[in-house]
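Student: I should like to work through this structure with you, one question at a time. Could we begin once it is displayed?

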2 protein chains.
Amino acid sequence: MTTMPERTAEQDLPYDVFSRACPSRGTLEHVTGRWGALTLGALFEGSFRFNELRRRVDGVSEKMLSQTLHALERDGLVHREAQPTNPPRVDYELTPLGREVAERLVGLIEFVEGRMGDVLGARARYDETRGGR
Amino acid sequence: MTTMPERTAEQDLPYDVFSRACPSRGTLEHVTGRWGALTLGALFEGSFRFNELRRRVDGVSEKMLSQTLHALERDGLVHREAQPTNPPRVDYELTPLGREVAERLVGLIEFVEGRMGDVLGARARYDETRGGR
DNA sequence: CGGAATCCATGCCGATACTG
DNA sequence: CAGTATCGGCATGGATTCCG
């Protein structure tokens, strides 16, 4: 069933994310997904409570944040610390593994942000040569 | 409109991806998105024609690949080289900027893949403590 | 081969309401 | 505060068709 018959690539890199069946694809989507990336980025700066996170990750709904945190917790990237007080207090923080992932992710995010000037320029050029379409 | 009233973060990092309005969020989604990440990863290994890419990125439909490539080209990350031969031949390759982005992205992908053992273990533990849910 | 265009099912995701 | 449950719109994206 594992359909990776041959590598036509020049270099024999250890990839198989490209295969639909590979489980790493799922995890990668949790990490790089719309809310996953921003959540990990936020948690890279420290520990946060649920609603703190919600405010930091602008635009995320309760449902999506909850869902995202569950996925990341399940993948062992985020640790959930619940205190049985009243009112309840729950803190989220990165696990060591999560921190390593977030580090690379944040590097990517910062790089992209730093080059937005180039990106915007490229877009302007692209849109112009095609006459607004 | 720009709702970033105050930073509660310990460190004053230059983020604003967290803001819904920030244009870098869009580009980040092209890059980290489901097909964007895999496409950039594939192109990091070399230049490919449309259907070569399609075979490499397992599971992508023509529409999504076309759409993804357009977005990346517009953002200045991918260069499209069309030769007016018959049958037509079109090659896609990373721009210098795209290469830098892909480099970081591939680093992230490879890291995640290398730690899938930990991830799978964490999942097993998580699922067990919650009784299959 | 390299696409664009159309149709349409799925499921993502936001809004709301409710629980502990 | 920290979530879960439910509903529904609409965007995502797959399959198919057609064109240069």
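Student: Where is the place of Pro87(B)?

Tutor: The model is a predicted one. In chain B, strand S2 covers 78-83 and strand S3 covers 89-94. Pro87(B) has its place in the loop between S2 and S3 of chain B.

Student: Which form does the peptide bond from Asn86(B) to Pro87(B) take, cis or trans?

Tutor: Most peptide bonds are trans. For the bond from Asn86(B) to Pro87(B), omega is near 0 degrees, and the form is cis.

Student: What is the form of the peptide bond from Asn86(A) to Pro87(A), and what is its omega?

Tutor: In chain A, Pro87(A) lies in the loop between S2 and S3. Those two strands form a hairpin with five residues between them. The bond from Asn86(A) to Pro87(A) is cis, with omega near 0 degrees.

Student: How many bridges pair S2(A) with S3(A)?

Tutor: The pairing has the antiparallel sense. Within it, His79(A) stands opposite Glu93(A) in S3(A). The number of bridges over which S2(A) and S3(A) pair is six.

Student: Which residue in S3(A) stands opposite Phe48(A)?

Tutor: S1(A) and strand S3 of chain A, residues 89-94, run antiparallel and are joined by two bridges. Opposite Phe48(A), in S3(A), stands Tyr92(A).

Student: Which strands of chain A stand at the edges of the sheet, and why is one side of each left without a neighbour?

Tutor: The open sheet has three strands in antiparallel pairing, in the order S1-S3-S2 (chain A). Each edge strand has a single partner strand, so one of its sides has no neighbour in the sheet. The edge strands of chain A are S1 (48-49) and S2 (78-83).

Student: What angle does the direction of helix H2 of chain A make with that of S3(A)?

Tutor: Helix H2 of chain A, residues 34-43, packs on the sheet and touches S1, S2 and S3 of chain A. The angle between its direction and that of S3(A) is about 95 degrees.

Student: What is the area buried between chain A and chain B?

Tutor: The size of an interface is often given as the accessible area lost when the parts come together. Here the contact takes 59 residues from chain A and 60 residues from chain B. Carbon and sulfur atoms give 60% of the buried area, which is about 5,900 Å².

Student: How many salt bridges are counted between chain A and chain B?

Tutor: One salt bridge joins the side chains of Arg34(B) and Glu29(A), at 3.8 Å from N to O. Another salt bridge joins Asp58(B) and Arg20(A), at 3.3 Å. This latter pair crosses from the loop between helix H3 (50-56) and helix H4 (62-74) of chain B to the segment before H1 of chain A. Over all chains the count is 16 salt bridges, and between chain A and chain B it is ten.

Student: Which element gives the most to the side of chain A that touches chain B?

Tutor: Across this interface, 21 residue pairs are in polar contact. The elements of chain A that give two or more residues to this side are H1 (23-32), H2, H4 (62-74), H5 (96-114) and H6 (116-129). With 13 residues, the element that gives the most is H5(A).

Definitions and conventions
Residues numbered from 1 in each chain as written. Chains lettered and ligands numbered in written order. Predicted model: local features only at pLDDT ≥ 70, side-chain atom pairs only at ≥ 80, totals over all residues. Heavy atoms only, no water. Pairing = 2+ DSSP bridges. Helix = DSSP H or I, 4+ residues; strand = E, 2+ residues; numbered from the N terminus. Contact = heavy atoms within 4.5 Å. Axes fitted to C-alpha atoms, helices over the stretch in contact; angles between N-to-C directions. Buried area = accessible area lost by both parts, 1.4 Å probe. Salt bridge = Lys/Arg side-chain N within 4 Å of Asp/Glu carboxyl O. Polar contact = N/O pair within 3.5 Å; in protein donor to acceptor, adjacent residues only side chain to side chain.
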